[in-house]
Amino acid sequence: QLKSSLPKPTGEIVLTVTGENLQTNAPGRAEIDWQMLKGLGVRTLKTSTPWTEGTPEFKGVLARDLLDYLAIKGKTARAIALNDYAYDIPLSDLRKYPVLLAYEMNGKPLQVRDKGPIWLVFPLDQFAELRNRITQRKMVWQLVELRIK
């Protein structure tokens, strides 16, 4: 059992991470606010997606940085959206590729109506092997929870 060393969120909780082996700041879970998320280091990614025009620039945090921050151990993350859509993503994918927990597109914060506030964006243009339907299913938008198994 890991000792809790995570700060408590001071703002709106934008992402909840649950599971066995991770740092927590609430009973059985890590509650992440914008300040904590953005504190992990902001990155940008330019990639086309099946749902956007052209090659938008996304801004966000690398999923692997969140995994490291929470000292996550496990095999999969069940990514759960606002509308209860869920998909199991191997943690190895999130470590191998620069997958973004995106919260901005083309300089504008992602709103719920345009796949926000957090959209799991895979670097489709950078890695040919990611251009498939399986990866598309992993690109969960309106992300609210990661359940580590």
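Where does Pro117 lie? Select Pro117 and you will find yourself in the loop between strand S8 (108–109) and S9. Keep in mind throughout that this is a predicted model.

**The loop before S9**

Stay on Pro117 and add Gly116 to the selection. The peptide bond from Gly116 to Pro117 is cis, with omega near 0 degrees. Step back to Lys115, which has its place in that loop between S8 and S9. The phi of Lys115 is near 80 degrees, a positive value in a residue other than glycine. Both features are worth a look, because most residues other than glycine have a negative phi, and most peptide bonds are trans. Lys115 counts as buried, at 19% relative accessibility. Now follow its side chain: Lys115 lies over the face of Trp119, at 5.8 Å from the ring centre.

**The rings around Trp119**

Next, select Trp119, which is buried at 0% relative accessibility. Show Phe58 alongside. The two form an edge-to-face aromatic pair, 5.4 Å centre to centre with 90 degrees between the planes. This pair links distant parts of the chain: Phe58 belongs to strand S4 (residues 57–62) and Trp119 to strand S9 (residues 119–121), 61 residues apart. Phe58 is buried, as is Trp119.

Then bring in Trp141. The ring centres of Trp119 and Trp141 are 5.9 Å apart and their planes stand at 90 degrees, so this pair is edge-to-face. Trp141 sits in the loop between helix H4 (133–138) and strand S10 (143–148), 22 residues from Trp119. With a relative accessible area of 27%, Trp141 is partly exposed. Add Trp51 to complete the view: ring pairs link Trp51, Phe58, Trp119 and Trp141 into a cluster.

For another charge over a ring, go to Lys38, which lies over the face of Tyr103 at 4.8 Å from the ring centre.

**Into the core**

Which residues have the most contacts inside the largest nonpolar core? Select Val17, Leu66, Leu70, Leu94, Phe122 and Leu143; the core itself has 44 residues. Strand S7 (residues 100–105) gives the largest share of this core, 4 residues. Centre the view on Leu143 and show its neighbours. Leaving aside residues up to four places away in sequence, Leu143 touches Val14, Leu15, Ala79, Ile80, Ala81, Leu101, Ile118 and Leu120.

**A turn past H2**

Now move to Ala71, in the loop between helix H2 (63–69) and strand S5 (76–81). Here again phi is positive in a residue other than glycine, near 50 degrees for Ala71. Ala71 is partly exposed, with a relative accessible area of 22%.

**Salt bridges**

Finish with the charged side chains. The whole structure holds 7 salt bridges. Start with Arg95 and Asp68, whose side chains meet at 3.0 Å, N to O. Arg95 lies in helix H3 (residues 91–96) and Asp68 in helix H2, so the pair ties together parts that are 27 residues apart in sequence.

Next, select Arg78 and Asp88, a salt bridge with the closest N and O atoms 2.8 Å apart. This one runs from strand S5, home of Arg78, to strand S6 (residues 86–90), where Asp88 lies. Both partners are partly exposed, Arg78 at 29% and Asp88 at 30%. Add Lys149, too: salt bridges that share partners join Arg78, Asp88 and Lys149 into one network.

Your last stop is Glu31 with Arg29, a salt bridge of 2.8 Å, N to O. Glu31 is buried at 15% relative accessible area, whereas Arg29 is partly exposed at 29%.

Key
Residues numbered from 1 in each chain as written. Predicted model: local features only at pLDDT ≥ 70, side-chain atom pairs only at ≥ 80, totals over all residues. Heavy atoms only, no water. Phe/Tyr/Trp six-rings, centres within 6.5 Å; stacked < 30°, edge-to-face > 60°. Helix = DSSP H or I, 4+ residues; strand = E, 2+ residues; numbered from the N terminus. Buried < 20%, exposed > 50% of the residue type's maximum accessible area, 1.4 Å probe, protein only. Lys NZ or Arg CZ within 6 Å of the ring centre and 35° of its normal. Core = buried A, V, L, I, M, F, W, Y, C linked by side-chain atoms within 4.5 Å. Contact = heavy atoms within 4.5 Å. Salt bridge = Lys/Arg side-chain N within 4 Å of Asp/Glu carboxyl O.
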